[in-house]
Amino acid sequence: MASLLKLFFSILATTLLATSQLANSGDPDILSDFILPPDLPEPDEHFFTFNGTRGIFDATRPTSFKIAKASLAEFPSLEAELLLVARGVLEVGLVDSANRLYTQTLQSGDMFVFPKGLVHYQSNVGRNTAVAFSAFGSASAGTVSLPTALFGSGIDDDVLAKGFKTDEDTVRGLEAGLAPPMKY
(Lines give C-alpha, C1' and ligand atoms only; values in the text may rest on other atoms or scores of the structure.)
Protein backbone atom coordinates (compact mmCIF):
# COMPACT_ATOMS: atom_id res chain seq x y z
CA MET A 1 0.00 0.00 0.00
CA ALA A 2 2.83 2.42 0.87
CA SER A 3 4.50 1.84 -2.49
CA LEU A 4 1.18 2.44 -4.27
CA LEU A 5 0.73 5.76 -2.43
CA LYS A 6 4.33 6.67 -3.24
CA LEU A 7 3.68 5.98 -6.94
CA PHE A 8 0.41 7.97 -6.86
CA PHE A 9 2.08 11.04 -5.30
CA SER A 10 5.02 10.75 -7.69
CA ILE A 11 2.65 10.79 -10.69
CA LEU A 12 0.65 13.63 -9.13
CA ALA A 13 3.79 15.70 -8.50
CA THR A 14 5.02 15.11 -12.06
CA THR A 15 1.63 16.10 -13.50
CA LEU A 16 1.46 19.26 -11.40
CA LEU A 17 5.00 20.22 -12.39
CA ALA A 18 4.26 19.71 -16.09
CA THR A 19 0.98 21.64 -15.83
CA SER A 20 2.55 24.57 -13.98
CA GLN A 21 5.28 24.87 -16.60
CA LEU A 22 2.65 25.05 -19.34
CA ALA A 23 0.63 27.65 -17.45
CA ASN A 24 3.66 29.92 -17.13
CA SER A 25 4.67 29.84 -20.78
CA GLY A 26 4.43 32.86 -23.05
CA ASP A 27 6.26 35.06 -25.49
CA PRO A 28 9.59 36.39 -24.30
CA ASP A 29 9.96 40.12 -23.78
CA ILE A 30 11.30 41.92 -26.83
CA LEU A 31 14.71 43.39 -26.05
CA SER A 32 14.73 45.83 -28.99
CA ASP A 33 12.18 48.10 -30.68
CA PHE A 34 11.49 45.53 -33.39
CA ILE A 35 13.05 42.41 -34.84
CA LEU A 36 14.30 42.60 -38.40
CA PRO A 37 14.52 39.63 -40.75
CA PRO A 38 18.15 38.66 -41.50
CA ASP A 39 17.94 40.00 -45.07
CA LEU A 40 16.76 43.50 -44.03
CA PRO A 41 19.55 45.65 -42.56
CA GLU A 42 17.45 48.81 -41.96
CA PRO A 43 13.64 49.23 -41.78
CA ASP A 44 11.62 51.89 -43.54
CA GLU A 45 7.93 52.81 -43.27
CA HIS A 46 7.00 49.93 -45.62
CA PHE A 47 8.37 47.41 -43.09
CA PHE A 48 5.44 48.23 -40.79
CA THR A 49 2.78 48.27 -43.54
CA PHE A 50 0.86 45.45 -45.22
CA ASN A 51 -1.46 46.34 -48.12
CA GLY A 52 -2.18 42.81 -49.33
CA THR A 53 -5.77 43.13 -48.11
CA ARG A 54 -6.46 46.49 -49.76
CA GLY A 55 -9.90 46.46 -51.33
CA ILE A 56 -11.51 43.90 -49.01
CA PHE A 57 -14.01 46.50 -47.82
CA ASP A 58 -15.09 47.61 -51.32
CA ALA A 59 -18.82 47.79 -51.96
CA THR A 60 -18.74 45.12 -54.67
CA ARG A 61 -19.57 41.63 -53.52
CA PRO A 62 -16.86 39.09 -54.34
CA THR A 63 -17.83 36.28 -56.71
CA SER A 64 -15.45 33.76 -55.18
CA PHE A 65 -13.72 33.03 -51.89
CA LYS A 66 -10.16 34.31 -51.62
CA ILE A 67 -7.69 34.08 -48.75
CA ALA A 68 -5.38 37.02 -48.12
CA LYS A 69 -2.81 35.86 -45.58
CA ALA A 70 -0.83 38.26 -43.38
CA SER A 71 1.47 35.97 -41.45
CA LEU A 72 5.09 36.48 -40.43
CA ALA A 73 6.20 35.41 -43.94
CA GLU A 74 4.18 38.15 -45.69
CA PHE A 75 4.35 40.75 -42.92
CA PRO A 76 7.61 40.29 -40.95
CA SER A 77 7.03 43.15 -38.52
CA LEU A 78 4.01 41.51 -36.81
CA GLU A 79 4.53 42.22 -33.10
CA ALA A 80 2.30 44.06 -30.66
CA GLU A 81 -0.54 46.20 -32.06
CA LEU A 82 -2.08 45.69 -35.47
CA LEU A 83 -4.23 48.44 -37.01
CA LEU A 84 -6.55 47.56 -39.92
CA VAL A 85 -8.20 50.42 -41.83
CA ALA A 86 -11.76 49.47 -42.76
CA ARG A 87 -12.80 52.81 -44.30
CA GLY A 88 -11.17 56.12 -45.07
CA VAL A 89 -7.58 57.30 -45.10
CA LEU A 90 -5.35 57.45 -42.03
CA GLU A 91 -1.87 58.79 -41.57
CA VAL A 92 -0.04 56.68 -39.03
CA GLY A 93 3.38 56.97 -37.54
CA LEU A 94 5.70 55.70 -34.87
CA VAL A 95 8.92 56.88 -33.27
CA ASP A 96 11.58 54.33 -32.34
CA SER A 97 13.97 54.64 -29.40
CA ALA A 98 16.55 56.35 -31.65
CA ASN A 99 13.94 59.09 -32.35
CA ARG A 100 13.42 58.01 -35.98
CA LEU A 101 9.93 58.75 -37.27
CA TYR A 102 8.26 56.24 -39.59
CA THR A 103 5.04 57.43 -41.27
CA GLN A 104 2.66 55.94 -43.78
CA THR A 105 -0.68 56.88 -45.33
CA LEU A 106 -3.08 53.95 -45.16
CA GLN A 107 -6.17 53.23 -47.26
CA SER A 108 -9.07 50.89 -46.69
CA GLY A 109 -7.76 47.33 -46.25
CA ASP A 110 -4.20 48.37 -45.30
CA MET A 111 -2.61 47.16 -42.07
CA PHE A 112 0.12 48.72 -39.95
CA VAL A 113 2.02 47.34 -36.96
CA PHE A 114 2.99 49.44 -33.95
CA PRO A 115 5.78 47.66 -32.05
CA LYS A 116 5.27 47.22 -28.32
CA GLY A 117 6.07 50.25 -26.19
CA LEU A 118 6.81 52.75 -28.99
CA VAL A 119 5.12 56.14 -29.22
CA HIS A 120 2.71 56.15 -32.15
CA TYR A 121 -0.28 57.99 -33.59
CA GLN A 122 -3.14 57.77 -36.08
CA SER A 123 -4.74 60.78 -37.78
CA ASN A 124 -7.68 60.95 -40.19
CA VAL A 125 -6.31 62.76 -43.26
CA GLY A 126 -9.26 61.95 -45.54
CA ARG A 127 -12.35 63.99 -46.25
CA ASN A 128 -14.73 61.47 -44.68
CA THR A 129 -14.99 59.50 -41.47
CA ALA A 130 -12.31 56.85 -41.07
CA VAL A 131 -12.90 53.50 -39.37
CA ALA A 132 -10.10 51.25 -38.15
CA PHE A 133 -9.75 48.19 -35.95
CA SER A 134 -6.88 47.49 -33.58
CA ALA A 135 -5.76 44.10 -32.34
CA PHE A 136 -3.28 43.77 -29.50
CA GLY A 137 -0.78 41.00 -28.85
CA SER A 138 -1.60 41.06 -25.16
CA ALA A 139 -4.67 40.36 -23.06
CA SER A 140 -4.04 43.63 -21.21
CA ALA A 141 -2.20 45.84 -23.68
CA GLY A 142 -2.91 49.11 -21.91
CA THR A 143 -2.59 52.54 -23.44
CA VAL A 144 -0.88 55.70 -22.32
CA SER A 145 -1.95 59.09 -23.63
CA LEU A 146 1.24 61.14 -23.49
CA PRO A 147 -0.46 64.55 -23.18
CA THR A 148 -2.66 63.32 -20.34
CA ALA A 149 0.17 61.42 -18.65
CA LEU A 150 2.48 64.42 -18.78
CA PHE A 151 0.19 67.42 -18.41
CA GLY A 152 -2.80 65.93 -16.60
CA SER A 153 -1.14 63.78 -13.96
CA GLY A 154 -0.11 66.38 -11.41
CA ILE A 155 3.59 66.57 -12.29
CA ASP A 156 4.77 69.94 -10.98
CA ASP A 157 4.57 72.68 -13.65
CA ASP A 158 8.13 73.74 -12.83
CA VAL A 159 9.43 70.23 -13.53
CA LEU A 160 7.55 70.08 -16.86
CA ALA A 161 8.74 73.57 -17.84
CA LYS A 162 12.36 72.57 -17.22
CA GLY A 163 11.94 69.23 -19.00
CA PHE A 164 10.44 70.85 -22.11
CA LYS A 165 12.69 73.95 -21.91
CA THR A 166 9.76 76.32 -21.74
CA ASP A 167 8.01 78.41 -19.11
CA GLU A 168 5.28 77.53 -16.62
CA ASP A 169 2.66 79.67 -18.44
CA THR A 170 3.12 77.51 -21.56
CA VAL A 171 2.76 74.35 -19.45
CA ARG A 172 -0.44 75.68 -17.86
CA GLY A 173 -1.77 76.50 -21.34
CA LEU A 174 -1.14 72.93 -22.45
CA GLU A 175 -2.81 71.57 -19.31
CA ALA A 176 -5.85 73.78 -19.87
CA GLY A 177 -6.22 72.62 -23.46
CA LEU A 178 -6.43 68.91 -22.68
CA ALA A 179 -9.62 67.10 -23.56
CA PRO A 180 -11.06 64.76 -20.94
CA PRO A 181 -9.34 61.36 -21.02
CA MET A 182 -10.84 58.78 -23.41
CA LYS A 183 -12.45 55.71 -21.86
CA TYR A 184 -11.55 52.38 -23.42
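This note covers a sheet, an annotated residue pair and one helix residue.

1. The model is predicted: local features need pLDDT of at least 70, side-chain atom pairs count only at pLDDT 80 or more, and totals for chains, interfaces and linings use all residues. Residues are numbered from 1 along each chain as its sequence is written, and side-chain values use heavy atoms, leaving out hydrogens and water.

2. Four strands (DSSP runs of E, at least two residues, numbered from the N terminus) form an open antiparallel sheet in the order β1-β5-β2-β7. Its edges are β1 (49–50) and β7 (131–136), each pairing on one side only; pairing requires at least two DSSP bridges between two strands. Strands β2 (residues 81–87) and β5 (residues 111–114) run antiparallel and are joined by four bridges.

3. UniProt, in an unreviewed entry, places the feature "binding site" at E81 and H120. Such annotations may be inferred rather than shown by experiment; feature names are shortened and positions follow the numbering used here.

4. E81 lies in strand β2 and is buried at 10% relative accessible area, whereas H120, in strand β6 (residues 119–124), is partly exposed at 30%. Buried means under 20%, exposed over 50%, and partly exposed in between (1.4 Å probe, protein chains only).

5. V171 sits in helix α4 (residues 168–176); helices are DSSP runs of H or I, at least four residues. V171 is buried, with 1% relative accessibility. Its C-alpha is 7.5 Å from that of F151, 20 residues away in sequence.
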